[in-house]
Amino acid sequence: MRDIFEKCYEPQLQDKLREADIYPYFRALESRQDVEVVMEGKRRIMLGSNNYLGLTVEPEIIEAGVKTIEKYGTGCSGSRFLNGTLQMHYELENELKTFLRKEDCITFPTGFMSNLGIIASLVGRHDYVIVDREDHASIYDACRLSYGKMLRYKHADMEDLERQLQAVPEGAGALIVTDGVFSMGGDIAKLPEITKLAKQYGARVMVDDAHALGVLGEGGRGSASYFGLENEVDIYMGTFSKSLASLGGYMVADAKIVDYVRHSARPYMFAASIPPTQTAVALAALRYLEAHPELPDKLQANAARFRKDLIEREVAIIEAPTPIVPIYTYSPENTLLKQKEMYDEGVYVNSVLPPACAPGECLLRTTLMASHTDALIDEAADIIAKVMHQDDSATLEQLKLM
């Protein structure tokens, strides 16, 4: 019998990255998650966070968390089915369903688990789930967990989506699942075309709004609101770990659909519920967003300024109307080298490598916050332009990683 651990001791890509001193992961924060952070002993401008509205440091939201841990303690020690339901969970679900204009809401311990629970519950043995090729990894894992058949269509290609819909047998159910905002490229799903095709072929539509809540739509209500299609999208899911400065995930839909998932989703039934502190923080952040509907506009203005800064400095980017601003770096070696150089110069960004992107289309993913100042945005753009225009050809020749 072969030792199952054998593969763990074979040379790995991460070993090469560490040896070349361009390993980009697990950088330790030594301060709050904010527009400027201390990371490994040095000040960095944070352009790699999904803290879109900057609410992780908002005093009244922090206070809500502190008061809740004093009242309820540190955890629920059980699932929502058993001893793990707080009245505050119901408050959060009720306010979220009202904000998103749906009949009911269910919350999960994480966004990843939300997709696992929703899709695996709804897509049965004789059903089909149709996904965009650039959907989030949690959607793909959810499809594998379901008993249905997964079909994929080329990214944002509506003709290919229609071909996949035509391949669904008569009498089978079909669920189209798409990111609302695609997390790597920052582009927005073509919801008008998707919902039209769904209606034509009798499919249902689910949108992963993890990167759209607090970012797009009226008051930050997401991608369906952005297009005026709130009644055409059957299910929205999203996370609390981005705009709402907490941890957890949610699903909103018609009451019967939510109740079905509530009584069949294994990641909901067999996982401990969202801890009291994180529930309180998500609720406080939602209320803060409702009280400050101008925040998504400020976020968009910051993203527009940053895109303009980079274009003026002749840095090649993907242009999209979201706070995700990807910078073209093309090869894995160049991506990792540029990321390290920016980090050393005081700007934190994220590397996007295969399989998160196609080979030869690697990126540096930058994200803006509503709380970034003009001065910080301009400073970061200057550093990025300096690094991107630096000639690293000699160093790149020595790096052969992938």
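This report walks through a predicted model of a protein, from its overall build to two helices and one buried residue.

**The whole protein**

Welcome to a chain of 402 residues. The protein holds 15 helices and 13 strands. Its radius of gyration is 22 Å, close to the 21 Å that the globule rule gives for 402 residues, so the protein is as compact as a globular protein of that length. If you drew a box around the C-alpha atoms along the principal axes, that box would be roughly 60 × 55 × 50 Å.

Turning to the inside, buried residues make up 54% of the chain. Among contacts with a separation of 6 or more, 70% join residues that are 24 or more positions apart. On the outside, the protein exposes about 18300 Å², and carbon and sulfur atoms supply 51% of that area. There are 42 positive and 59 negative charges, and the mean positions of these two sets lie 3 Å apart.

**Two helices to look at**

Here are two helices, each with its expected span and the distance between its end C-alpha atoms.

| Helix | Residues | Length | Expected span | End-to-end distance |
|---|---|---|---|---|
| α12 | 295-312 | 18 residues | 26 Å | 26 Å |
| α14 | 374-388 | 15 residues | 21 Å | 21 Å |

For α12, the distance agrees with the expectation of 1.5 Å a residue, and for α14 it agrees as well.

An α-helix has 3.6 residues a turn, so residues three or four places apart point the same way. With that in mind, try finding the buried residues of α12, which include L295, L299, N302, F306 and L310. Charged residues appear on this list too, namely R307 and D309. What covers the buried residues of α12? The cover includes α11 (276-291), β10 (324-330), β13 (362-367) and α14. Just after α12 comes E314, whose phi is positive, near 60°.

Helix α14, one of the elements covering α12, has buried residues of its own. They are L376, I377, A380, A381, I383, I384, A385, V387 and M388.

**A closer look at T178**

Now move to strand β6, which spans residues 174-179 and contains T178. Is T178 buried or exposed? T178 has a relative accessible area of 0%, which means that it is buried. Beyond its neighbours within four places in sequence, T178 is in contact with D132, D135, Y153, A189, L191, I194, M206, V207 and D208. As a last landmark, T322 stands 144 residues from T178 along the chain, and the C-alpha atoms of the two are separated by 16 Å.

Note on methods:
Residues are numbered from 1 along each chain as its sequence is written. This is a predicted model: local features need pLDDT of at least 70, side-chain atom pairs count only at pLDDT 80 or more; totals for chains, interfaces and linings use all residues. Side-chain values use heavy atoms; hydrogens and water are left out. Helices (H or I, at least four residues) and strands (E, at least two) are DSSP runs, numbered from the N terminus. Buried means under 20% relative accessible area, exposed over 50%, partly exposed in between (1.4 Å probe, protein chains only). Contact means heavy atoms within 4.5 Å. The expected span of a helix is 1.5 Å times one less than its number of residues. The radius of gyration is taken over C-alpha atoms; the globule rule is 2.2 Å times the number of residues to the power 0.38. Accessible areas come from the Shrake-Rupley method with a 1.4 Å probe; for residues, only the protein chains shown count as cover. Lys and Arg count as positive and Asp and Glu as negative; His and the chain ends are not counted. The place of a charge is taken as NZ of Lys, CZ of Arg, CG of Asp or CD of Glu.
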